Amino acid sequence: MSYYTITLSANKPVNMTVAGTVILIDDLGATQGLDITPSFGGRDLPKMPNRKKAFKFVEPYDAVTLTAPVDCTVALFLSKNDVSLGFADGSLVNVSGQVVVSNTVEARVPVDIGGGTVTVTADNVGINNDDAHPVPIKRAALSILVDARPVVANTGAAQVLSNDATLKRLTVRNNDGAARVAIGNANVTMNTAAIILEPGDSYVEDDAAGVAWYVTSDTAGADVRVMGAK
């Protein structure tokens, strides 16, 4: 095995008359790539352009021509015996072109993200949230209760029931013993309402608690109670 450290000038080929069967780049110095042209029996083998660190060539040769695009000092093995780089200390390996990683169901690639704050930027992220693999969701804990004054609901035009943008949950109870009440937007009526509370019924809203809610009733003076949570 022979290890060579060679100083190259930009775009000036250096020919080395060395016989072997293995060429292995150990260090590129200041260059990003090295052109390698092995020869055998007086005939040049195909040129291998822009080879990176850890590039390995296994085939008989009796001369090697090296060319770099910039002034640099490179180090490589020119050997008759096999040589491998272990990278035990985590050395950097440069790979030219695109590296494709296949992450299939049969051969999954494990990924670990370290602790602390992690920001991930992606053009398109898909989450498989089907019946067999549901994504768990945890709602934020609420710590403040807001007991609003009772609302006296009348017939005819709806009146404001609740309008607090800071609420995360809204509970409405029909506290009347006989009246039916309807809640919805400003145009809600007993005939168009999607939510109608019979006497004693309650309704809990988690998704749109902070919007303006309106109430009307089929009986004037209906007693409606409202509680919010933040």
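In this predicted model, Leu78 has a wide circle of neighbours. Leaving aside residues up to four places away in sequence, Leu78 touches Ser2, Tyr4, Met16, Val18, Val22, Ile23, Tyr61 and Val64. A second core lies apart from that of Leu78; this other core has 17 residues, among them Leu161, Leu167, Leu197 and Ala222. Leu78 itself belongs to the largest nonpolar core, which holds 21 residues. Within that set, the members that touch the most others are Leu8, Ile23, Leu34, Ile36, Leu66 and Leu78. Several strands contribute to this core: β1 (3-8), β3 (20-27), β4 (34-40), β7 (56-61), β8 (63-67) and β9 (72-79) each give two or more residues. The largest share, four residues, comes from β9.

Strand β8 deserves a look of its own. Five of its five residues are buried, so β8 is largely enclosed by the rest of the structure. In a regular strand, side chains alternate between the two faces of the sheet. In β8, Ala63, Thr65 and Thr67 point one way, while Val64 and Leu66 point the other way, and all are buried. Two partners of β8 can be followed by eye. Strand β2 (residues 14-16) runs antiparallel to β8 and is joined to it by three bridges, with Val14 standing opposite Leu66. Strand β4 also pairs with β8 in the antiparallel sense, here over five bridges. On this side, Ser39 has Ala63 of β8 as its bridge partner.

Aromatic rings offer another set of links to trace. A pair of aromatic rings is described by the distance of the centres and the angle of the planes. The count comes to two aromatic pairs. In one of them, the ring centres of Tyr3 and Phe77 are 4.7 Å apart and the planes stand at 65°; planes over 60 degrees apart count as edge-to-face, so this pair is edge-to-face. Tyr3 sits in strand β1 and Phe77 in strand β9, and the pair links distant parts of the chain, 74 residues apart. The two rings belong to residues with unlike surroundings: Tyr3 counts as partly exposed, at 41% relative accessibility, whereas Phe77 counts as buried, at 11%.

The other pair is formed by Tyr203 and Trp213, whose ring centres are 6.2 Å apart with planes at 55°, so the pair is tilted. Tyr203 lies in strand β16 (residues 202-205) and Trp213 in strand β17 (residues 213-217), so the pair ties together parts that are ten residues apart in sequence. Tyr203 is partly exposed, with a relative accessible area of 21%, and Trp213 is buried, with 10%. A ring can also have a charge for company: the charged end of Arg51 sits over the ring of Phe55, 5.2 Å from its centre.

Stepping back to the whole chain, the model contains 18 strands and zero helices. The C-alpha trace spans about 110 × 35 × 30 Å along its principal axes. The radius of gyration is 38 Å, while a compact globule of 230 residues would have one near 17 Å. Of the 230 residues, 31% count as buried. Among contacts between residues at least 6 apart in sequence, 75% join residues at least 24 apart.

Technical notes:
Residues are numbered from 1 along each chain as its sequence is written. This is a predicted model: local features need pLDDT of at least 70, side-chain atom pairs count only at pLDDT 80 or more; totals for chains, interfaces and linings use all residues. Side-chain values use heavy atoms; hydrogens and water are left out. A nonpolar core is a set of buried Ala, Val, Leu, Ile, Met, Phe, Trp, Tyr and Cys residues joined through side-chain atoms within 4.5 Å. Buried means under 20% relative accessible area, exposed over 50%, partly exposed in between (1.4 Å probe, protein chains only). Contact means heavy atoms within 4.5 Å. Rings of Phe, Tyr and Trp (its six-membered ring) pair if their centres lie within 6.5 Å; planes under 30 degrees apart count as stacked, over 60 as edge-to-face and the rest as tilted. A charge sits over a ring if NZ of Lys or CZ of Arg is within 6 Å of the ring centre and within 35 degrees of the ring normal. Two strands pair if DSSP finds at least two bridges between them. The radius of gyration is taken over C-alpha atoms; the globule rule is 2.2 Å times the number of residues to the power 0.38.
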